[in-house]
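Student: I'd like a close look at a single part of this model, please. Pick one helix, tell me what packs against it, and then place it in its wider setting.

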Amino acid sequence: PGECIIGADSHTCTYGALGAFSTGVGSTDMAAGMATGKCWFKVPEAIRFNLSGSLQPNVSGKDVILHIIGMIGVDGALYRSMEFTGEGVKNLTMDDRLCICNMAIEAGAKNGIFEVDDVTRAYVKDRVNRPYQEYHADADAEYVKTYDIDLSAIRPTVAFPHLPENTHTIDEINQMDKIKIDQVVIGSCTNGYYENIKEAAEIFRGHKVAKGVRAIILPATQSIYLRCMKEGLLEVFIEAGCAVSTPTCGPCLGGHMGILAPHERAVATTNRNFVGRMGDPTSEVYLASPAVAAASAILGHIASVKEVK
(Lines give C-alpha, C1' and ligand atoms only; values in the text may rest on other atoms or scores of the structure.)
Protein backbone atom coordinates (compact mmCIF):
# COMPACT_ATOMS: atom_id res chain seq x y z
CA PRO A 1 0.00 0.00 0.00
CA GLY A 2 1.07 3.56 -0.75
CA GLU A 3 3.77 2.62 -3.23
CA CYS A 4 4.17 3.74 -6.84
CA ILE A 5 4.58 0.77 -9.17
CA ILE A 6 5.22 0.60 -12.90
CA GLY A 7 5.47 -2.44 -15.11
CA ALA A 8 5.86 -3.22 -18.79
CA ASP A 9 2.33 -4.63 -18.96
CA SER A 10 -0.89 -2.62 -19.06
CA HIS A 11 -2.42 -4.80 -16.35
CA THR A 12 0.18 -3.69 -13.81
CA CYS A 13 -2.75 -1.57 -12.60
CA THR A 14 -3.88 -4.66 -10.65
CA TYR A 15 -1.80 -3.51 -7.65
CA GLY A 16 -4.34 -0.74 -7.06
CA ALA A 17 -6.36 -3.29 -5.10
CA LEU A 18 -3.77 -2.85 -2.33
CA GLY A 19 -4.06 0.93 -2.19
CA ALA A 20 -1.01 1.47 -4.40
CA PHE A 21 -0.68 3.67 -7.47
CA SER A 22 0.25 1.28 -10.26
CA THR A 23 0.17 1.55 -14.02
CA GLY A 24 1.66 0.06 -17.15
CA VAL A 25 4.32 1.86 -19.17
CA GLY A 26 6.19 1.37 -22.42
CA SER A 27 9.61 -0.21 -22.75
CA THR A 28 11.48 3.12 -22.75
CA ASP A 29 9.84 4.34 -19.55
CA MET A 30 10.41 0.91 -17.99
CA ALA A 31 14.11 1.02 -18.81
CA ALA A 32 14.41 4.57 -17.44
CA GLY A 33 12.60 3.53 -14.27
CA MET A 34 14.91 0.56 -13.74
CA ALA A 35 17.98 2.71 -14.33
CA THR A 36 17.02 5.79 -12.31
CA GLY A 37 14.18 4.79 -10.01
CA LYS A 38 12.15 7.66 -11.43
CA CYS A 39 9.24 8.01 -13.83
CA TRP A 40 7.32 11.01 -15.21
CA PHE A 41 3.54 11.17 -14.81
CA LYS A 42 0.81 13.64 -15.47
CA VAL A 43 -1.39 13.57 -12.34
CA PRO A 44 -4.69 11.98 -13.45
CA GLU A 45 -8.10 13.40 -12.61
CA ALA A 46 -10.19 11.06 -10.47
CA ILE A 47 -13.56 9.37 -10.91
CA ARG A 48 -15.18 8.06 -7.74
CA PHE A 49 -17.18 4.84 -7.70
CA ASN A 50 -19.19 4.84 -4.50
CA LEU A 51 -20.05 1.20 -3.76
CA SER A 52 -22.86 0.09 -1.46
CA GLY A 53 -24.47 -3.23 -0.57
CA SER A 54 -23.02 -6.68 -1.21
CA LEU A 55 -22.90 -9.07 -4.15
CA GLN A 56 -25.47 -11.78 -4.77
CA PRO A 57 -24.38 -15.47 -4.94
CA ASN A 58 -22.38 -16.34 -8.08
CA VAL A 59 -21.76 -12.64 -8.77
CA SER A 60 -18.15 -11.47 -8.43
CA GLY A 61 -15.75 -8.62 -9.02
CA LYS A 62 -15.67 -9.56 -12.72
CA ASP A 63 -19.36 -8.75 -13.02
CA VAL A 64 -18.79 -5.45 -11.19
CA ILE A 65 -16.08 -4.22 -13.54
CA LEU A 66 -17.87 -5.44 -16.67
CA HIS A 67 -20.98 -3.61 -15.45
CA ILE A 68 -18.94 -0.43 -14.95
CA ILE A 69 -17.19 -0.65 -18.33
CA GLY A 70 -20.53 -1.32 -20.00
CA MET A 71 -21.85 1.80 -18.29
CA ILE A 72 -19.00 4.25 -18.99
CA GLY A 73 -17.38 2.69 -22.09
CA VAL A 74 -13.81 1.71 -22.95
CA ASP A 75 -12.84 5.39 -23.01
CA GLY A 76 -15.00 6.43 -20.07
CA ALA A 77 -12.03 6.88 -17.72
CA LEU A 78 -9.40 7.94 -20.24
CA TYR A 79 -6.16 8.82 -18.37
CA ARG A 80 -8.14 9.12 -15.16
CA SER A 81 -7.90 7.38 -11.81
CA MET A 82 -10.79 5.04 -10.97
CA GLU A 83 -11.21 5.29 -7.19
CA PHE A 84 -13.37 2.65 -5.51
CA THR A 85 -14.79 3.62 -2.14
CA GLY A 86 -17.94 3.41 -0.03
CA GLU A 87 -19.37 1.10 2.60
CA GLY A 88 -19.76 -1.70 0.03
CA VAL A 89 -15.99 -2.06 -0.36
CA LYS A 90 -15.75 -4.09 2.85
CA ASN A 91 -17.99 -6.73 1.24
CA LEU A 92 -15.57 -7.29 -1.64
CA THR A 93 -12.83 -9.88 -1.23
CA MET A 94 -9.27 -9.11 -2.18
CA ASP A 95 -9.67 -11.33 -5.25
CA ASP A 96 -12.70 -9.24 -6.29
CA ARG A 97 -10.66 -6.05 -5.87
CA LEU A 98 -7.69 -7.41 -7.81
CA CYS A 99 -9.99 -8.28 -10.71
CA ILE A 100 -11.70 -4.87 -10.67
CA CYS A 101 -8.42 -2.94 -10.67
CA ASN A 102 -6.96 -5.28 -13.29
CA MET A 103 -9.59 -4.17 -15.80
CA ALA A 104 -9.45 -0.44 -15.02
CA ILE A 105 -7.22 -0.20 -18.08
CA GLU A 106 -10.10 -1.60 -20.17
CA ALA A 107 -12.03 1.59 -19.32
CA GLY A 108 -9.06 3.67 -20.53
CA ALA A 109 -7.99 4.53 -16.96
CA LYS A 110 -4.47 5.40 -15.89
CA ASN A 111 -5.04 3.36 -12.74
CA GLY A 112 -7.65 1.83 -10.47
CA ILE A 113 -7.35 2.06 -6.68
CA PHE A 114 -9.14 0.88 -3.55
CA GLU A 115 -8.85 2.53 -0.17
CA VAL A 116 -6.91 0.45 2.35
CA ASP A 117 -9.14 -1.23 4.95
CA ASP A 118 -9.03 -4.23 7.27
CA VAL A 119 -9.37 -6.64 4.33
CA THR A 120 -6.27 -5.10 2.74
CA ARG A 121 -4.31 -5.14 5.98
CA ALA A 122 -5.12 -8.82 6.59
CA TYR A 123 -4.02 -9.67 3.04
CA VAL A 124 -0.65 -7.91 3.24
CA LYS A 125 0.11 -8.98 6.81
CA ASP A 126 2.21 -12.00 5.81
CA ARG A 127 3.17 -10.73 2.37
CA VAL A 128 4.85 -7.38 3.06
CA ASN A 129 8.33 -7.29 4.58
CA ARG A 130 8.77 -3.51 4.88
CA PRO A 131 6.86 -0.54 6.34
CA TYR A 132 4.13 0.90 4.15
CA GLN A 133 2.12 4.10 4.05
CA GLU A 134 -1.67 4.18 3.81
CA TYR A 135 -3.23 7.02 1.86
CA HIS A 136 -6.89 8.00 2.07
CA ALA A 137 -8.86 10.52 0.04
CA ASP A 138 -9.23 13.97 1.59
CA ALA A 139 -12.72 14.92 2.74
CA ASP A 140 -12.76 17.73 0.17
CA ALA A 141 -11.22 15.71 -2.66
CA GLU A 142 -12.43 16.78 -6.11
CA TYR A 143 -13.77 14.29 -8.61
CA VAL A 144 -14.61 14.66 -12.29
CA LYS A 145 -17.63 12.46 -11.67
CA THR A 146 -19.12 10.21 -9.00
CA TYR A 147 -21.03 7.01 -9.74
CA ASP A 148 -23.17 5.34 -7.08
CA ILE A 149 -23.29 1.57 -7.53
CA ASP A 150 -25.42 -0.86 -5.52
CA LEU A 151 -23.50 -4.13 -5.57
CA SER A 152 -26.62 -6.13 -4.72
CA ALA A 153 -28.26 -5.00 -7.99
CA ILE A 154 -25.45 -6.26 -10.23
CA ARG A 155 -26.28 -9.34 -12.30
CA PRO A 156 -23.90 -11.81 -13.96
CA THR A 157 -22.57 -9.85 -16.94
CA VAL A 158 -20.94 -10.91 -20.21
CA ALA A 159 -19.01 -8.72 -22.66
CA PHE A 160 -19.78 -9.70 -26.25
CA PRO A 161 -17.28 -9.31 -29.12
CA HIS A 162 -15.34 -7.24 -29.83
CA LEU A 163 -15.13 -4.74 -26.95
CA PRO A 164 -15.32 -5.05 -23.15
CA GLU A 165 -18.02 -2.33 -23.18
CA ASN A 166 -20.40 -4.49 -25.27
CA THR A 167 -22.04 -5.95 -22.19
CA HIS A 168 -25.24 -7.89 -21.59
CA THR A 169 -26.62 -9.28 -18.35
CA ILE A 170 -27.38 -12.97 -18.09
CA ASP A 171 -31.09 -12.05 -18.02
CA GLU A 172 -30.77 -10.38 -21.41
CA ILE A 173 -28.79 -13.34 -22.76
CA ASN A 174 -31.51 -15.74 -21.61
CA GLN A 175 -33.89 -13.90 -23.95
CA MET A 176 -31.60 -14.61 -26.93
CA ASP A 177 -31.04 -17.75 -28.94
CA LYS A 178 -28.48 -19.99 -27.25
CA ILE A 179 -24.95 -18.86 -28.08
CA LYS A 180 -23.03 -22.07 -28.76
CA ILE A 181 -19.36 -22.13 -27.78
CA ASP A 182 -16.24 -24.14 -28.62
CA GLN A 183 -13.93 -23.23 -25.74
CA VAL A 184 -13.87 -21.98 -22.16
CA VAL A 185 -10.83 -20.44 -20.47
CA ILE A 186 -10.84 -19.94 -16.70
CA GLY A 187 -7.78 -18.15 -15.33
CA SER A 188 -5.42 -15.32 -16.34
CA CYS A 189 -4.24 -12.29 -14.34
CA THR A 190 -7.89 -11.24 -14.12
CA ASN A 191 -9.53 -14.37 -12.73
CA GLY A 192 -6.94 -17.01 -11.91
CA TYR A 193 -7.09 -16.37 -8.17
CA TYR A 194 -7.82 -19.09 -5.64
CA GLU A 195 -11.44 -18.21 -4.95
CA ASN A 196 -12.09 -18.01 -8.71
CA ILE A 197 -10.69 -21.49 -9.28
CA LYS A 198 -12.55 -22.86 -6.25
CA GLU A 199 -15.88 -21.40 -7.38
CA ALA A 200 -15.45 -22.91 -10.83
CA ALA A 201 -14.54 -26.31 -9.33
CA GLU A 202 -17.67 -26.36 -7.18
CA ILE A 203 -19.80 -25.73 -10.28
CA PHE A 204 -18.00 -28.46 -12.23
CA ARG A 205 -18.27 -30.98 -9.38
CA GLY A 206 -20.37 -33.92 -10.54
CA HIS A 207 -20.66 -32.57 -14.09
CA LYS A 208 -18.87 -33.04 -17.42
CA VAL A 209 -17.69 -30.56 -20.01
CA ALA A 210 -20.15 -30.49 -22.90
CA LYS A 211 -19.31 -32.58 -25.94
CA GLY A 212 -17.33 -30.55 -28.47
CA VAL A 213 -16.21 -27.95 -25.92
CA ARG A 214 -12.64 -27.48 -24.69
CA ALA A 215 -12.29 -26.23 -21.10
CA ILE A 216 -8.91 -24.90 -19.98
CA ILE A 217 -8.10 -24.06 -16.36
CA LEU A 218 -5.17 -21.73 -15.65
CA PRO A 219 -4.38 -21.07 -11.97
CA ALA A 220 -2.64 -17.69 -11.75
CA THR A 221 0.41 -18.76 -9.74
CA GLN A 222 2.27 -21.89 -8.68
CA SER A 223 1.18 -21.35 -5.07
CA ILE A 224 -2.48 -21.21 -6.13
CA TYR A 225 -1.88 -24.29 -8.30
CA LEU A 226 -0.44 -26.17 -5.31
CA ARG A 227 -3.29 -25.15 -3.01
CA CYS A 228 -5.86 -26.27 -5.55
CA MET A 229 -4.01 -29.55 -5.97
CA LYS A 230 -3.85 -30.20 -2.21
CA GLU A 231 -7.56 -29.44 -1.84
CA GLY A 232 -8.54 -31.79 -4.68
CA LEU A 233 -9.86 -29.05 -6.96
CA LEU A 234 -7.67 -30.07 -9.88
CA GLU A 235 -9.06 -33.59 -9.60
CA VAL A 236 -12.58 -32.17 -9.96
CA PHE A 237 -11.58 -30.38 -13.17
CA ILE A 238 -9.84 -33.41 -14.66
CA GLU A 239 -12.78 -35.70 -13.88
CA ALA A 240 -15.06 -33.17 -15.55
CA GLY A 241 -12.94 -33.32 -18.72
CA CYS A 242 -11.02 -30.06 -18.35
CA ALA A 243 -7.37 -29.46 -19.24
CA VAL A 244 -5.41 -27.98 -16.33
CA SER A 245 -2.30 -25.97 -17.22
CA THR A 246 0.67 -24.59 -15.39
CA PRO A 247 0.24 -20.82 -14.85
CA THR A 248 0.46 -18.94 -18.14
CA CYS A 249 -1.00 -15.94 -19.95
CA GLY A 250 -1.48 -18.45 -22.75
CA PRO A 251 -4.68 -18.06 -24.75
CA CYS A 252 -5.48 -14.62 -23.31
CA LEU A 253 -3.01 -13.02 -25.70
CA GLY A 254 -3.13 -15.63 -28.43
CA GLY A 255 -0.09 -17.47 -27.07
CA HIS A 256 0.41 -21.03 -25.85
CA MET A 257 -2.72 -23.21 -25.36
CA GLY A 258 -6.26 -22.69 -26.55
CA ILE A 259 -5.83 -20.69 -29.74
CA LEU A 260 -9.16 -20.27 -31.52
CA ALA A 261 -9.69 -21.56 -35.05
CA PRO A 262 -11.74 -19.72 -37.68
CA HIS A 263 -15.26 -18.83 -36.50
CA GLU A 264 -14.82 -20.49 -33.11
CA ARG A 265 -16.31 -18.93 -29.97
CA ALA A 266 -14.83 -18.84 -26.49
CA VAL A 267 -16.08 -17.78 -23.09
CA ALA A 268 -13.07 -16.50 -21.20
CA THR A 269 -12.42 -14.98 -17.79
CA THR A 270 -9.67 -12.90 -19.40
CA ASN A 271 -9.77 -9.11 -19.82
CA ARG A 272 -9.83 -8.36 -23.54
CA ASN A 273 -11.92 -9.61 -26.44
CA PHE A 274 -10.56 -7.60 -29.37
CA VAL A 275 -10.61 -8.97 -32.92
CA GLY A 276 -8.04 -11.78 -33.19
CA ARG A 277 -7.07 -11.49 -29.53
CA MET A 278 -7.27 -15.24 -28.94
CA GLY A 279 -6.53 -16.56 -32.41
CA ASP A 280 -8.13 -16.33 -35.82
CA PRO A 281 -9.57 -12.89 -36.72
CA THR A 282 -12.97 -14.49 -37.37
CA SER A 283 -13.15 -16.04 -33.90
CA GLU A 284 -15.14 -14.49 -31.05
CA VAL A 285 -14.34 -14.03 -27.35
CA TYR A 286 -17.00 -13.46 -24.71
CA LEU A 287 -15.70 -12.13 -21.38
CA ALA A 288 -17.37 -13.52 -18.27
CA SER A 289 -16.91 -14.48 -14.63
CA PRO A 290 -15.55 -17.88 -13.57
CA ALA A 291 -19.09 -18.89 -12.54
CA VAL A 292 -20.61 -18.12 -15.95
CA ALA A 293 -17.61 -19.66 -17.72
CA ALA A 294 -17.93 -22.93 -15.77
CA ALA A 295 -21.69 -23.14 -16.34
CA SER A 296 -21.18 -22.43 -20.05
CA ALA A 297 -18.56 -25.20 -20.35
CA ILE A 298 -21.01 -27.71 -18.88
CA LEU A 299 -23.97 -26.70 -21.04
CA GLY A 300 -22.11 -25.89 -24.26
CA HIS A 301 -23.58 -22.40 -24.57
CA ILE A 302 -23.39 -19.15 -22.62
CA ALA A 303 -25.33 -19.89 -19.46
CA SER A 304 -25.85 -18.99 -15.82
CA VAL A 305 -25.13 -21.23 -12.86
CA LYS A 306 -28.88 -21.56 -12.25
CA GLU A 307 -29.20 -23.48 -15.53
CA VAL A 308 -26.81 -26.21 -14.36
CA LYS A 309 -28.93 -29.03 -12.90
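Tutor: Let's begin with a term: contact means that heavy atoms lie within 4.5 Å. The model is a predicted one, where local features need pLDDT of at least 70, side-chain atom pairs count only at pLDDT 80 or more, and totals for chains, interfaces and linings use all residues. Residues are numbered from 1 along each chain as its sequence is written, and side-chain values use heavy atoms, with hydrogens and water left out.

My choice is helix 7, residues 194-204; helices (H or I, at least four residues) and strands (E, at least two) are DSSP runs numbered from the N terminus. A good way in is Y194, which lies in this helix. Setting aside neighbours within four places in sequence, Y194 is in contact with D95, I224, R227, C228, E231 and L233. The relative accessible area of Y194 is 12%, so this tyrosine is buried (buried is under 20%, exposed over 50% and partly exposed in between, with a 1.4 Å probe and protein chains only). Y194 and E235 are separated by 41 residues in sequence and by 15 Å in space, C-alpha to C-alpha. Along helix 7, the buried residues are Y194, N196, I197, A200, A201, I203 and F204.

Now for the helices that pack against it. Two packed helices are described by the angle between their axes and the distance between the axes. The axes here are lines fitted to C-alpha atoms, for helices over the stretch in contact, and angles run from 0 to 180 degrees between N-to-C directions.

Take helix 9 (residues 233-240): it packs on helix 7 at about 45°, with the axes 9 Å apart. The two are therefore oblique to each other (under 35 degrees counts as roughly parallel, over 145 as roughly antiparallel, 65 to 115 as roughly perpendicular and the rest as oblique). The crossing of helix 7 with helix 9 is left-handed, a term used if the near helix is turned anticlockwise from the far one by less than a right angle, with right-handed meaning clockwise. Helix 7 contributes Y194, I197, K198, A200, A201, E202 and F204 to this contact, while helix 9 contributes L233, V236, F237 and A240. By class, that contact has 9 nonpolar, no polar and 2 charged residues (Ala, Val, Leu, Ile, Met, Phe, Trp, Tyr, Cys and Pro count as nonpolar, Asp, Glu, Lys and Arg as charged, and the others, Gly among them, as polar).

Helix 10 (residues 290-299) is another partner, its axis coming within 9 Å of that of helix 7 and crossing it at roughly 30°. That makes helix 7 roughly parallel to helix 10. Their crossing is right-handed. From helix 7, N196, E199, A200, I203 and F204 meet P290, A291, A294, A295, A297 and I298 of helix 10. This contact has 9 nonpolar, 1 polar and 1 charged residues. Just past these contacts, helix 7 is followed by G206, whose phi is positive, near 80°.

That leaves the wider setting. A nonpolar core is a set of buried Ala, Val, Leu, Ile, Met, Phe, Trp, Tyr and Cys residues joined through side-chain atoms within 4.5 Å. The largest such core has 44 residues, and F49, L51, I68 and M82 have the most contacts inside it. Among the elements giving two or more residues to this core are strand 3 (45-52), helix 2 (61-72), strand 4 (80-85) and helix 3 (94-102). Helix 2 supplies the largest share, 6 residues. A second, separate core of 39 residues includes A200, V213, L234 and A288. Through A200, then, helix 7 takes part in that second core.

For comparison, look at helix 2 and helix 3, which pack at about 30° with their axes 8 Å apart. That makes helix 2 roughly parallel to helix 3. Their crossing is right-handed. Here G61, K62, V64 and I65 of helix 2 meet D96, C99 and I100 of helix 3. The residues of this contact divide into 4 nonpolar, 1 polar and 2 charged.
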